[in-house]
Amino acid sequence: MSIKKVTQHPSQNEGLIFERSQTGRVGYRLPKLDIDETPLDEIIPAELRRSDDLDGVPEVSEVDVIRHFTRISTWNYSIDLGMYPLGSCTMKYNSRLNEKVARIAGFANLHPLAPEAESQGALELIYKLQQDLAEITGLPGVSLQPAAGAQGEMTGVMLIRAFLDKRDGDASKERRVMLIPDSAHGTNPASAALAGFSVKTIRSTAEGLTDMEHLKQLCDEGGVAGLMLTNPNTVGIFETNIKEICATIHAAGGLVYMDGANMNALVGVARPGDMGVDVIHLNLHKTFSTPHGGGGPGCGPCCCTAELAEFLPVPRVKAETRPVGNVADSTETFYRLDYNAPNSIGRVKAFFGNFGMMIRALSYIYTHGAEGLREATEAAVLNARYLSHRLEGDFEKPYAADPMHEVVFSHKLQSKKGIHTLDIAKRLIDYGFHPMTVYFPLVVEGAMLIEPTESVGRQDLDAFVEAMKDINREIDENPDLVHNAPHSTRIGRLDEAAAARKPVLRWKADMETLTKTA
């Protein structure tokens, strides 16, 4: 028997922790003081202390706390429960082995201010990850400091700015235009603006690729500092003209930044550096399987050509050979932090980046090896193409080209019956699936961007396809069922516009009244 839909929840509803509060209830007991008591005013001045006796803080027992958060945790969807088909997100499974390695005491307990001599294992790990990422991208300069993809992107654009300022001197002020495709991630123009560039948008062709004629036209207008390009692009298609694109930008005096958000389609198969790319950021929390979402921690390394390496953030980890004691011809490798980079853009993150993510990423690389990394890439592309083939008869596929690691569909067929992308995404929840990315990329009307990753097997892919096909049949037979979805969740469809315009961010005792009148 196959159970396709969730019809009810196995546990009762749960109020807020504030609503469970009962006066006088506690969940702790402090030990008796076994030292001389110090007056509180000597520890914390009265003006810095609360004077309301913690009014409003929930008074709950240990059982209250444990059951409350455990019940709420059962409402969550997680990568351990099923696939996240979120396009442009690469929500792959996080291996438990990587987590185990990250918890090795020597790594997990190392203080960031520990001396170099006592941090050799950590510094060696950072160095080796730098070397591996350089090999994977074909770009020798690497900084692991950026703490997120957007910060790695920002770092890459700042490298371009620093390079142009040094190369062109005062004349670089006339080179402040960054070219960005109309299908780009929203952070691209934001990063360009923060680095002092203005943005010009490149049109896409009907095939979903960069319009070469428009690119050349914009270059001819002058002032081009660079290009920010995602490859494969955000509609999931490989830019087959990538070498020509890079050559065109270089001929105009600019540099090419590649958004590495979609590197899961390239690792082990193709290297951006070999395509002519000057700088790229990677998402360790996507491509290299470190935990993803929930606000972090992320890790967005920046890789660049040798010409740009002098501008990378400091410090950088370097290896040098040193003699061992008085033993003749005996040497060892010593890893150190190098701050001697006068042209560096400076720090972009406190200390050296999110080290725990680096441990997990190197574990992922070592576990797979060169052949395994390529196999993972090939499986990710195969899975996306399988979904493309199975669903293109039910949902409009705006681009004919075979997708790479993700595929985009449109709601055009369904919108004729009054059903839109958001309705389809909400109905997927009733089938036990996390929705796909919706309404992105913006160049596709009612976009549904689906990225299964290599973590999903044929059985799960078929279940997802069956759910999508069932929803399409429901649109024909009972469109209101889809329009009013989800039906199996504890909370129905929210008024997202009201939530954005009049957010209620803090609990108050009269919350029910406030939410009804907001």
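Helix α1, which covers residues 40-43, includes L40. In this predicted model, L40 has a relative accessible area of 45% and is therefore partly exposed, since that class lies between the limits of 20% for buried and 50% for exposed residues. L40 also contributes to a nonpolar patch on the surface, together with I43, I44 and L48. The patch has an area of about 400 Å².

It helps to place this local picture within the whole chain. The protein chain contains 17 helices and 12 strands, and its C-alpha trace spans about 75 × 70 × 45 Å along the principal axes. Of the 518 residues in the protein chain, 46% are buried.

Two of the helices, α6 and α7, offer a view of how elements are arranged. Helix α6 runs over residues 149-168 and helix α7 over residues 187-194. Their axes come within 9 Å and cross at roughly 45°. Because of this angle, α6 is oblique to α7; an angle under 35 degrees would have counted as roughly parallel, and one of 65 to 115 as roughly perpendicular. The crossing of α6 past α7 is right-handed.

Further along the chain, K412 is found in helix α12, which comprises residues 412-415. K412 has a relative accessibility of 36% and so counts as partly exposed. Between K412 and V456 there is a sequence separation of 44 residues, and the C-alpha atoms of this pair are 28 Å apart in space.

Methods: Residues numbered from 1 in each chain as written. Predicted model: local features only at pLDDT ≥ 70, side-chain atom pairs only at ≥ 80, totals over all residues. Heavy atoms only, no water. Patch = residues over 30% accessible without salt bridge, like charges linked within 9 Å, V, L, I, M, F, W, Y side chains within 5 Å. Areas by Shrake-Rupley, 256 points an atom, 1.4 Å probe, with all protein chains shown as cover. Salt bridge = Lys/Arg side-chain N within 4 Å of Asp/Glu carboxyl O. Helix = DSSP H or I, 4+ residues; strand = E, 2+ residues; numbered from the N terminus. Buried < 20%, exposed > 50% of the residue type's maximum accessible area, 1.4 Å probe, protein only. Axes fitted to C-alpha atoms, helices over the stretch in contact; angles between N-to-C directions. Parallel < 35°, antiparallel > 145°, perpendicular 65-115°, else oblique. Left-handed = near helix turned anticlockwise from the far one by under 90°.
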